[in-house]
Amino acid sequence: MPTYTPPLRDMQFLIHEVFHLAEELKPCPRHADIDADTINAVLEEGGKFASEVTFPLNRVGDEQGCTLDAKTHEVTTPKGFKEAYARFIEGGWPALSCDPHFGGQGLPLVLNQCLYEMLNSANQAWTMYPGLSHGAYAALETHGTEEQKRTYLPKLVSGEWTGTMCLTEPHCGTDLGLLRTKAEPQADGTYRITGTKIFISAGEHDMTPNIIHLVLARLPDAPQGSKGISLFVVPKYMVNADGSIGERNGIHCAGLEHKMGIHGNATAQLVLEGAVGTLVGEPNKGLPAMFVMMNAARLGVGNQSLGLTEVAFQNALAYAKDRIQMRSLSGVKAKDQPADPIIVHPDVRKMLLTAKAYAEGGRALAIYCTMLLDKELYHPDEKVRAESAELVALLTPIVKAFLTDNGHVATNACLQVFGGHGYIEEHGMSQFVRDNRINMIYEGTNTVQSLDLLGRKVLSNNGATLKKFGKLVAQLVEEEGVNEKMAEFINPIAFLGDQMTKFTTEIGFKGYQNPDEVGAAATDYLRVLGHLVFGYFFARMAQVALKEIEAGNTDPFYQAKLQTARFYFARLFPETATLMRTARSGVKVLLDTDAALA
Ligand SMILES: Cc1cc2nc3c(=O)[nH]c(=O)nc-3n(C[C@H](O)[C@H](O)[C@H](O)COP(=O)(O)OP(=O)(O)OC[C@H]3O[C@@H](n4cnc5c(N)ncnc54)[C@H](O)[C@@H]3O)c2cc1C
């Protein structure tokens, strides 16, 4: 059976020693009083909840899955899910970072980020039920009317009700401009919504008495394509004026998908038959409004893979120390045993360190990005808010795609450490691989993320935002450029940082002549930039670790950090050279292939 220990030390290292969260957020009135003790206490309690309450249900969820009663259209979640959710509400966890005005605790989003990393390690399928509510909360808080906020936000904040996002239809996933669900205006100001949505995560369940669906649909006079989509809030049960639950609304679960992983999460086909909804935001401006939810969800999906990378690593490490097979090439290591533990073999270490480096780099990026979100929302200086928002926009597709692709590599490497015992279900490694696979697909496939990054976030403003990130790299290079001990961490990012401008300009120029060139280069480009971002954070982590060691700190944590950073720069970061080469190979080898793909 797998085990899980919350990585509190690494979280605290990043929050307190690398990013100085409390200091950085001091200017924000909402977070002026946040201190290390509060942060540590929240992380510790959150870790306990994840490891003690939801982790034991991970296997159960995988084996049992969800069941639909075809007559009542009600869904039953796996044994124990409902009770764990009740404890989650009791503990006030859904409210952690929400606005106190709606009953939230108003703590920094960084804490919520860390809580959710641990919940995802423990049980991704379960975590998706409360996880989607956060996106619904953010979309309604930003674009909802006062009445919508009053009706729904306190319940989403307390966790009494959960939220969903209903975009996908059978004929449209990536291209939402094709969607057909219709919304007919009614005399009383509401809308009657009709259509079919598929693949809706947490779309139906028995954990809460009401579910709040955010649904994309078209008004009768809407323009074609994505400019004619509006957003509606459609509750499973109507809500009475006094806030109590009213009549059943015309939205039903018609089926549950049988899928590769996340069995404990209900992936629902939802049929809307004149369901009553109210408009969120302006007519035909549904996609930008939904983007608030989608951006939150994109960071959330990256966080899912981060969680799985961590838990897979922990279990592979324990197994590699215990499993004995063959002797070390350089001579016997475990004299008292008939063979050496497999951790002595260089390739096994490579697999373990790959997962460890992807977990630690991913955690640094995710925490940094959420700290920027805290500043974007609550910093008193408008310039800081705007710059934070710009960087978050640049980093979001990297969090989503780089972390989930890395999660795929890492969970597979960890399964490999188990050999054949990883392929069978008993050790739980197969579930980590299967659960992670969806993270590369939903919330916009990783290809779509790369197009968003290269097309919208980088080329559309001639690399202006990218240059802002480049400035952070340049600052660090300037700070540490003469420190010989930092050279192994600084030189690679200085070199790649220099190359990045030319590389981007080259693709931009080719793309200007033929837009397909952007499509041909985008996924490689995202990985190159992902490594520059990880490289920057590994250099910052190494900087702190080196200082501590030089000051005489003997905590092995700092040596471990340096060794992981060294491995990262030696074995993972150099992938960028190949990726730049393949990105430059152009579109012809892909599109001039009709005979090959006939
Ligand atoms: C388990 C699960 C849970 C989900 N949860 C939700 C949910 O809660 N809410 C919701 O609304 N949806 C949800 N989805 C749907 C998910 O977001 C879509 O499956 C995803 O966006 C891809 O859409 P699609 O499946 O229609 O694939 P398609 O859009 O048909 O894409 C097929 C392939 O073509 C590629 N492609 C498409 N267009 C381009 C392009 N322009 N350039 C390059 N490549 C392209 C894609 O990357 C992909 O590889 C879920 C799906 C699953 C499986």
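This passage describes the annotated domains, the ligand surroundings, one pocket and the cavities of a predicted model.

Three domain annotations from unreviewed UniProt entries can be set beside the computed secondary structure. The record lists "domain: Acyl-CoA oxidase/dehydrogenase middle" for residues 165-273, and this span is 46% strand and 0% helix, with its end C-alpha atoms 18 Å apart. For residues 284-451 the record gives "domain: Acyl-CoA dehydrogenase/oxidase C-terminal"; here the chain is 74% helix and 0% strand, and the end C-alpha atoms lie 24 Å apart. A further annotation in the record, "domain: Acetyl-CoA dehydrogenase-like C-terminal", covers residues 473-593, a span that is 83% helix and 0% strand and whose end C-alpha atoms are separated by 40 Å.

The ligand is surrounded by 18 residues, of which Thr-168, Thr-174, Phe-199, Ser-201 and Thr-445 come nearest. Sorted by class, this shell consists of nine nonpolar, seven polar and two charged residues. At least two residues of the shell are supplied by each of β3 (162-166), β5 (191-201) and α13 (446-458), and the largest share, three residues, comes from β5. Several polar atoms of the protein can be paired with atoms of the ligand. A backbone N or O atom of Met-165 lies 2.8 Å from a ligand nitrogen atom, while a backbone N or O atom of Leu-167 lies 2.9 Å from a ligand oxygen atom. In the case of Thr-174, a polar side-chain atom lies 2.5 Å from an oxygen atom of the ligand. The ligand has 970 Å² of accessible area on its own, and the protein covers 62% of it.

The second largest pocket has a volume of about 650 Å³. Its lining comprises 23 residues, and those closest to the pocket centre are Tyr-368, Leu-472, Gln-475, Tyr-536 and Arg-540. Two or more lining residues are given by each of the helices α1 (8-18), α9 (346-378), α10 (382-417), α14 (464-480) and α16 (516-550). Among these elements, α14 provides the largest share of the lining, namely six residues. The class composition of this pocket lining is 11 nonpolar, four polar and eight charged residues.

A search of the whole structure finds two cavities of 30 Å³ or more. The largest cavity, with a volume of about 60 Å³, has a lining that includes the aromatic residues Tyr-85, Tyr-116, Tyr-137 and Trp-161, together with Pro-94, Cys-98, Pro-130, Ser-133, His-134, Leu-156 and Gly-159. Helix α6 (residues 109-143) contributes the largest share of this lining, five residues. In terms of class, the lining of the largest cavity has eight nonpolar and three polar residues, and no charged residues.

The second largest cavity has a volume of about 30 Å³ and is lined by Gln-113, Leu-299, Ala-366, Cys-369, Thr-370 and Val-399. Helix α9, which also gives residues to the lining of the second largest pocket, gives the most to the lining of this cavity, with three residues. Four nonpolar and two polar residues make up the lining of the second largest cavity, and no charged residues are found there.

Conventions:
Residues are numbered from 1 along each chain as its sequence is written. This is a predicted model: local features need pLDDT of at least 70, side-chain atom pairs count only at pLDDT 80 or more; totals for chains, interfaces and linings use all residues. Side-chain values use heavy atoms; hydrogens and water are left out. UniProt positions are given in the numbering used here, feature names are shortened, and annotations may be inferred rather than shown by experiment. Helices (H or I, at least four residues) and strands (E, at least two) are DSSP runs, numbered from the N terminus. A residue is near a molecule or strand if one of its heavy atoms lies within 4 Å of it. A polar contact is a pair of N or O atoms within 3.5 Å; within protein, one must be able to donate a hydrogen and the other to accept it, and residues adjacent in sequence count only if both atoms are side-chain atoms. Accessible areas come from the Shrake-Rupley method with a 1.4 Å probe; for residues, only the protein chains shown count as cover. Ala, Val, Leu, Ile, Met, Phe, Trp, Tyr, Cys and Pro count as nonpolar, Asp, Glu, Lys and Arg as charged, and the others, Gly among them, as polar. On a 1 Å grid over the protein atoms alone, a cavity is a set of points where a 1.4 Å probe fits but cannot get out, and a pocket is an open set with protein on both sides within 12 Å along at least five of seven lines; lining residues have an atom within 4 Å of a point. Grid points are joined across faces, edges and corners, and a volume is the space filled by probe spheres set on the points.
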